[in-house]
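Here are some short exercises to work through with the model open beside you. Try each task before reading its solution.

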Amino acid sequence: MNITALAEALDTAARQGRPLSGGAGGPKDTEEAYAVQEALVARRLARGERLTGFKLGFTSLAKMRQMGVSDLIHGRLTDRMEIPDGGRVDTSGLIHPRVEPEVAFLLGDTLRPGGDPMAAVAAVAPALEVIDSRYHGFRFSLPEVIADNTSAAGYALGTWSAPGDLDNVGVLLELDGRLAETGSTAAILGNPLRALAAAARLAGELEPGTVILAGAATAAVPLPPGTHVRATVAGLGSVSLTTGEAA
Amino acid sequence: MNTVDEAVVSAAERLDTARLTGVPCAPVRELLPPGDLAAAYAVQTVLGERRRAEGRRITGWKIGLTSAAVQTQLGVDRPDFGRLTDDMAVPDGADIPWGAVLQARAEAEVALVLEHDLTHERHTVADVIRATAFALPAVEVVGSRIRDWDITAVDTIADNASSGAYVLGTRPVPLRELELRTAGMVLERQGEPVSTGAGAACLGNPLHAAVWLADTLVRLGHPLRAGDTVLTGALGPMTTVEPGDVLEARIDGLGSVRAAFGRTGREGDTR
């Protein structure tokens, strides 16, 4: 497999909104897959995007078991992916977007692998993540989803607040004011702080100012055009976005 | 006795036999008029009367089918209810003998304990809040007397809303201290989350389910009374249970409660 070629193919698929077929010719293992992800994100950084943080995937044990994996995966976030809270986002260029409610951490101090995540956290916020696999029908192998920057497409952050107890707070996802999914932050590895510790283990030393999306608290739901989406995390408030009308 | 009455009695007989022998039975929908929820509740009433005749006390009510997903799955547009009796209450963490509840599964819920009757024709959330002495975290151990949980709405209603046993936490919390809609819920087995959710999963708010129950029971002539326990409905997906499991439910603001399952049946139980 050619790392540069797959990175380019995934980049083009995202820019043109045209999905790839998985299967033959994919990365052979997670190590090769992360090399593709790095090459893919390097192309975007070369176009002027700036790295803002990391996201974690497979943070629910049910999901891990479903995928037959035993560890989390991580992807990279850039400034181009950020959607302002309450803002409008054009999803017409995306392939088959979905949205999920999350918790985001903002680091105030360096977090080294094995370091105390709580000590490094400056603030927490409710978050929405838009995902959009560059593979047909969200069908991919574990190395493929890693190469595809873990399906990351966009994210919105609510207001930052001082970190508190997050091991079991309610999470609501509403579409056009109607409840779509309910969950608890306990779905994120039992406590989202564990996801933060995992981020340092997987991605290496994390600098102050880094944003970490800790993983989904509910299943992802399809994100149609012309929809108002709101995530509420008890005690942290809410974050919202609206997708553009269909053309 | 007309044919529906006969059907109700034979459905009750079939369910009770399953309960007593520990052998799940065929669905009772084949005995009752298709989709007849009133007939299904009549079966439940017959079973409830039998329990009372055996000396059991009604300790309260459970509300079921409170999630949009489950209602869609069973093709209904409202919840259902079942009766709780004193023999179904299990202390926090005490072993439930394996097989005591047929085909057991578990879910975490908010329990409300009432200090006033609710006898209006129509109740508001305010009426329910005023009538509630306190809330407790609860694990409901559901079960089905019907083979392989092959149930429709008619089957589960007849089968006392698939109730089995219930465990209440022991620290009462007044409703003024709770935001039930956004309260997080996690049900853990050996420290691993097996079901997660929040208050809104129960009809948008567990109090809405209680309002529905209050109105429904008045219509049926046996209103909610002071002292009743109301299990308001699951806050997340139900989970399967294996012998020896200890499940701990935590509900944000309400604390925790444990349902433990024995590895074997009751002493001297031959099944």
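What share of the contacts in chain A with a separation of 6 or more is accounted for by residues 24 or more positions apart? Before solving this, note that the model is predicted: local features need pLDDT of at least 70, side-chain atom pairs count only at pLDDT 80 or more, and totals for chains, interfaces and linings use all residues. Residues are numbered from 1 along each chain as its sequence is written, while chains are lettered from A and ligands numbered from 1 in the order in which they are written.

**Solution.** Two residues are in contact if their C-beta atoms, placed from the backbone, lie within 7 Å. Among the chain A contacts with a separation of 6 or more, 74% join residues 24 or more positions apart.

**Exercise 2. Describe the overall build of chain A.**

Step 1: count the elements. Chain A has six helices and 13 strands; these are DSSP runs numbered from the N terminus, helices being H or I with at least four residues and strands E with at least two.

Step 2: check the compactness. The globule rule (2.2 Å times the number of residues to the power 0.38, with the radius of gyration taken over C-alpha atoms) gives 18 Å for 247 residues, and chain A comes close at 17 Å, so it is as compact as a globular protein of that length.

Step 3: look at the extent and the burial. The C-alpha trace of chain A spans about 45 × 45 × 35 Å along its principal axes. Of its 247 residues, 49% are buried, where buried means 20 or more other C-beta atoms within 10 Å of a residue's own, exposed 12 or fewer, and partly exposed in between, with C-beta atoms placed from the backbone.

**Exercise 3. Test the length of helix α6(A) and find its cover.**

Step 1: helix α6 of chain A has twelve residues, 192-203. The expected span is 1.5 Å times one less than the number of residues. That comes to 16 Å, and the end C-alpha atoms are 16 Å apart, so the two agree.

Step 2: the buried residues of α6(A) include A:Leu193, A:Leu196 and A:Ala199. Their cover includes β1, β2, β5, α4 and β10 of chain A.

Step 3: after α6(A) comes A:Gly204, with a positive phi near 90°.

**Exercise 4. Work out how α1(A) packs on α2(A).**

Step 1: the axes of α1 (residues 3-16) and α2 (residues 30-46) of chain A are 8 Å apart, at an angle of about 55°. Axes are lines fitted to C-alpha atoms, for helices over the stretch in contact, and angles run from 0 to 180 degrees between N-to-C directions.

Step 2: α1(A) is therefore oblique to α2(A) (under 35 degrees is roughly parallel, over 145 roughly antiparallel, 65 to 115 roughly perpendicular, the rest oblique).

Step 3: residues of α1(A) that meet α2(A) include A:Leu6 and A:Leu10, and α2(A) brings among others A:Val36 and A:Leu40.

**Exercise 5. Find where chain A touches chain B.**

Step 1: 16 residues of chain A are in contact with 17 residues of chain B.

Step 2: on the chain A side, β8 (170-175) and β9 (178-184) each give two or more residues. The most come from β9(A), with four residues.

**Exercise 6. Place B:Val113 and list its neighbours.**

Step 1: B:Val113 lies in strand β5 (residues 105-114) of chain B.

Step 2: with 18 other C-beta atoms within 10 Å, B:Val113 is partly exposed.

Step 3: not counting residues up to four places away in sequence, B:Val113 touches B:Ala133, B:Phe134, B:Leu136 and B:Thr229.
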